[in-house]
Structures are given as C-alpha cells and as structure tokens.
Amino acid sequence: MRKPLLISTAVAFVGAMMLMVVSCENAVKDTTPPAIHEADFLPADCDIYYTGDTLLVHWVCEDDAELGNYNIEIHNNFDHHTHGTSNVDCDDADSGHAHGSVEAAWVYNQDYAIPRGQKMQTIEVAIAIPAEVSEGDYHFMLRLTDHAGWQTLKAVPIHLRKAGE
Ligand SMILES: [Zn+2]
C-alpha cells in the first residue's frame, strides 16, 4: 500500500513542476511592450471633428508574443494639460475658438478585445460623436495592452467643433 502512494505523490510533484515551468516560460517570453504603429494612424494630431459626426479610428498594433486588448478614452483638454507622451501642442491652430462648458464635455471610455493569438492587427473603429457636447480641445487616448500585461500609451490632441461651423 505504501509504494503506490509514493508513486502518486511523485507524479503529482512532477506535474506541479511542469506547470511551474510552463507558467515561467510564459512569463519570461514576453518582455517587450506592444507597439502602436505611427504610420497612417487616425485620428492624426490636431484633426478637427464635428459634433454629431463620426470619428474614424485606424491604426496597426503589433506585439512580439501576443496582443491582448486596448482601451480608447476621450476627455476634454480645456485646461490644456499634457500627458508626458509625444503630445503635439496645437492650441494655436485652434485660436479664436473658445471651448464649451466642462459639464457638457464629451467623455468616452471603451474597452476592446483583440482576438487571441494575434501578433499584428489592423484596427478600425467608428465612434459616434454625440451632437450635444461641448466644442474645444480634446485628447484621444489609446492604451494598448499585450497578453502579458505590458501597456503602451498614445495621446492625440484633437479639436471638436460644433456642426455647421
Ligand atoms: Zn488629456
């Protein structure tokens, strides 16, 4: 009765070791944050959009191991803050245009999944801009996360104008 017990313990031990090796391999494999390609990225810096219109998002993402998911978030830049990324300052291009009330500012925040097992993906998203939001400077924020949890951020300053202007 003693021998089988030892064997099953040994089997369980070896099994646990194999699981550890597998999970370690996964953790070690991906040490690089995912990449957001700059070429043909939409929206482009300082692009102008209109309320009630559609904001077309187009970009290519890549990871050396496996892509995970991404988040698109849009918030007002009425206070002209920056994010420490390569933020282009295009306030001058918008001179003469005041912004609307902060209370009515457009807020957008949406998570998107990328199909499993992808290393490169072209993303196309159409975001409807509400008709009744404040015009002014906004930030388009893209957060790309790979399957291992590394994150890459891109901030794009855009302008929103009232339709008809
Ligand atoms: Zn911002």
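Which pattern does the protein follow when read along the sequence? Colour by secondary structure and trace the chain from its start: the answer is α-β-β-β-β-β-β-β-β. That comes to one helix and eight strands. Keep in mind as you click around that this is a predicted model.

**Whole chain first**

Before zooming in, show the contacts. Among those between residues at least 6 apart in sequence, 84% join residues at least 24 apart. Of the 165 residues, 17% count as buried.

**The sheet**

Now select S2, S8, S7, S4 and S5. These five strands form an open sheet in the order S2-S8-S7-S4-S5, and the pairing is mixed. Look at the two ends: S2 and S5 are the edge strands, each with a single partner, so one side of each has no neighbour in the sheet. Sight across the sheet and you'll see some turning; on average, neighbouring strands are rotated by 25° against each other, direction ignored.

Next, keep just S4 (67-76) and S7 (136-146) on screen. S4 and S7 run antiparallel to each other, paired over nine bridges. Turn on the backbone hydrogen bonds for this step, as strands of a sheet pair through them, either parallel or antiparallel. For a landmark, pick asparagine 71, which stands opposite arginine 143 in S7.

**The core**

Show side chains for Trp106, Tyr138 and Phe140. They belong to the largest nonpolar core, which has 16 residues, and these three touch the most other members. The elements that give two or more residues to this core are S3 (54-62), S4 (67-76), S7 (136-146) and S8 (151-161). Which strand gives the most to this core? S7 does, with four residues.

Stay on phenylalanine 140 and bring up its surroundings. Setting aside neighbours within four places in sequence, Phe140 is in contact with Pro43, Ile74, Val156 and Ile158.

**The S1-S2 loop**

Follow that contact from Phe140 to Pro43. Proline 43 is in the loop between S1 (35-36) and S2 (48-50). Check the backbone on the way in: the peptide bond from leucine 42 to proline 43 is cis, with omega near 5°. It's worth a second look, since most peptide bonds are trans, and most residues other than glycine have a negative phi.

The second half of that rule has its own exception in this loop. Select cysteine 46, also between S1 and S2. Its phi is positive, near 70°, though the residue is not a glycine. Is cysteine 46 buried, exposed or partly exposed? Cysteine 46 counts as partly exposed, because it has 17 C-beta neighbours inside 10 Å, and a buried residue would need 20 or more.

**The S4-S5 loop**

Jump to the loop between S4 and S5 and select histidine 80. Here's another positive phi outside glycine, about 55°. Histidine 80 is exposed, because just 10 other C-beta atoms lie within 10 Å and the cut-off for exposed is 12 or fewer.

Last stop: glycine 84, in the loop between S4 and S5 (108-113). Glycine 84 is exposed as well, with 7 other C-beta atoms within 10 Å. Draw a distance from its C-alpha to that of alanine 155: the two are 71 residues apart in sequence and 9.1 Å apart in space.

Note on methods
Residues are numbered from 1 along each chain as its sequence is written. This is a predicted model: local features need pLDDT of at least 70, side-chain atom pairs count only at pLDDT 80 or more; totals for chains, interfaces and linings use all residues. A nonpolar core is a set of buried Ala, Val, Leu, Ile, Met, Phe, Trp, Tyr and Cys residues joined through C-beta atoms within 7 Å. Two residues are in contact if their C-beta atoms, placed from the backbone, lie within 7 Å. Two strands pair if DSSP finds at least two bridges between them. Axes are lines fitted to C-alpha atoms, for helices over the stretch in contact, and angles run from 0 to 180 degrees between N-to-C directions.
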